[in-house]
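User: Could you take a close look at one part of this model for me, the small sheet in the first chain, and then work outwards from there? I'd like one connected account rather than a list.

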2 protein chains.
Amino acid sequence: MPDQHTLEETERATSDRVGHLALNYPAAHALSSLYRAANAARAHLTRTALRPHDLTWTGFLVLWLLWIWDRMETRRVAESVGISKATLTGVTSTLVRRGLVERLPSLQDRRLVELTLTPAGRELMVVLYPQFNGAEAQLVAAVPGEALATMTTSLRQIVTTAEALED
Amino acid sequence: MPDQHTLEETERATSDRVGHLALNYPAAHALSSLYRAANAARAHLTRTALRPHDLTWTGFLVLWLLWIWDRMETRRVAESVGISKATLTGVTSTLVRRGLVERLPSLQDRRLVELTLTPAGRELMVVLYPQFNGAEAQLVAAVPGEALATMTTSLRQIVTTAEALED
DNA sequence: CCGCTATCGTACGGACCCGAACGAATCCGC
DNA sequence: GCGGATTCGTTCGGGTCCGTACGATAGCGG
């Protein structure tokens, strides 16, 4: 158990504390579950698949993206991974230092920098990604297929809503 | 758009790259959506509700927990929030420095430290939490009630599975 | 051409985050 | 009682993570 209190106890204590307020409880429970699930999944995948290769979660996301798309501008990578450009600079430096990623200054627009995998980076992903996906499958094994599809759809709607709210 | 590529393009590119491997795609898509949604929600809630009060996401989670439960041992707080004890030490120090949280050394077991909100911390939560919950409601507004319930159930199953896998 | 503006990636400071190691306190087998 | 094992919170080092500020580059109106 991640908590010394059961789910029921927590909800009762919450009700005792804030029950007099007009709150949206389904939203609160959904987002609480969302954050806990994402945190648990990230921690488990990191321990199971990434740590043996001495990779961080974010570093892996960058490698995966470059594996799928061959080369990308840094601003696109940051946007896709969901981190700031400033953070990506540091993450990229780490991956470059380990010989997995290469920086390619753009010739057309000299402000831009593109990223690509080195051969070593590609070899790593060929071995690593099937292991990673196996761990992913383990995590969702208890969720029936239909519920998983519903969940995926709802999560994407939340992403869309969040993006719309940023304007 | 968080990505210069549409979802369909990404899935096609993925298929081109790893289509010859025996992978669990529903699991991969579900966890990708899970991580993106959690990231987007966290970023939006931080900007909307937390930043005006100069609070961090993790700091807010700690405050919320102490608000609901009055006082807790640090090890329980770390477990509930999903961070390591080492991280909690730093987060707690920040909150103590801002006068929102107090450390209470346990008299029964002198290895333990309990945390509790100061009056200022309680006053902050009374104002802040309704704002936070309002932003939460905005995020899930596009998801039908039934789908939201299904999503919450599935997310909790993933949390349970992840915990079981840690043994 | 030539300022004005926008956008790029990066440097910096501060906060979070973890694993490992540590001193202090407690527990437990004998 | 008491010595070894366990558990506690903290410290430390290294790696994200962000907002801000910056120098460099590009686009654009006049």
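Analyst: Sure, and keep in mind that this is a predicted model. Let's start with a strand pair: S2(A) and strand S3 (residues 113–117) of chain A run antiparallel and are joined by 5 bridges. To pick out one spot on that ladder, A:Arg103 has A:Leu115 in S3(A) as its bridge partner.

Zooming out a bit, the pair belongs to an open sheet of 3 strands in chain A, ordered S1-S3-S2 and paired antiparallel. S1 and strand S2 (101–105) of chain A sit at the edges with a single partner strand each, so one side of each has no neighbour in the sheet. From one strand to the next, the twist averages 30°.

Now for what packs on it. H5(A) lies across S2 and S3 of chain A, and its direction makes an angle of about 115° with S2(A). That helix also takes us to the DNA, since H5(A) gives the most to the surface near DNA strand D, with 5 residues. In total, 25 residues surround DNA strand D, and the closest are A:Thr58, A:Ala86, A:Thr94, B:Arg75 and B:Ala86. Two or more residues each come from H3 and H5 of chain A, along with helix H4 (74–81) and H5 of chain B. By class, the surface near DNA strand D has 7 nonpolar, 10 polar and 8 charged residues.

What about the other DNA strand? Around DNA strand C there are 24 residues, of which A:Arg75, A:Ala86, B:Thr58, B:Ile83 and B:Ala86 come nearest. Here the elements giving two or more residues are H4 and helix H5 (85–97) of chain A, plus helix H3 (57–69) and helix H5 (85–97) of chain B. H5(B) gives the most to this surface, with 5 residues. The class split near DNA strand C is 6 nonpolar, 10 polar and 8 charged residues.

Back at the sheet, there's an oddity just before S1. A:Asp70 is in the loop between H3 and strand S1 (71–73) of chain A, and its phi is positive, about 70°, although it isn't a glycine. Most residues other than glycine have a negative phi. A:Asp70 counts as partly exposed because it has 13 C-beta neighbours inside 10 Å. Chain B has a case to set beside it: B:Asp54, in the loop between helix H2 (25–50) and H3 of chain B, has a positive phi near 60°. B:Asp54 is exposed, with 8 other C-beta atoms within 10 Å.

Last stop, the contact between the two protein chains. It takes 61 residues from chain A and 61 residues from chain B. On the chain A side, H2(A) gives the most, with 17 residues, and the class count there is 35 nonpolar, 17 polar and 9 charged residues.

The largest nonpolar core has 84 residues, and those with the most contacts inside it are A:Leu34, A:Ala41, A:Ile158, B:Leu34, B:Ala41, B:Leu63 and B:Ile158. In soluble globular proteins, nonpolar side chains tend to be buried together. For a concrete example, follow A:Ile158: setting aside neighbours within four places in sequence, A:Ile158 is in contact with B:Ala37, B:Ala40, B:Ala41, B:Leu139, B:Val140 and B:Val143.

Terms used. Residues numbered from 1 in each chain as written. Chains lettered and ligands numbered in written order. Predicted model: local features only at pLDDT ≥ 70, side-chain atom pairs only at ≥ 80, totals over all residues. Contact = placed C-beta atoms within 7 Å. Helix = DSSP H or I, 4+ residues; strand = E, 2+ residues; numbered from the N terminus. Nonpolar A, V, L, I, M, F, W, Y, C, P; charged D, E, K, R; others polar. Near = placed C-beta within 6 Å. Core = buried A, V, L, I, M, F, W, Y, C linked by C-beta atoms within 7 Å. Buried ≥ 20, exposed ≤ 12 C-beta atoms within 10 Å, placed from the backbone. Pairing = 2+ DSSP bridges. Axes fitted to C-alpha atoms, helices over the stretch in contact; angles between N-to-C directions.
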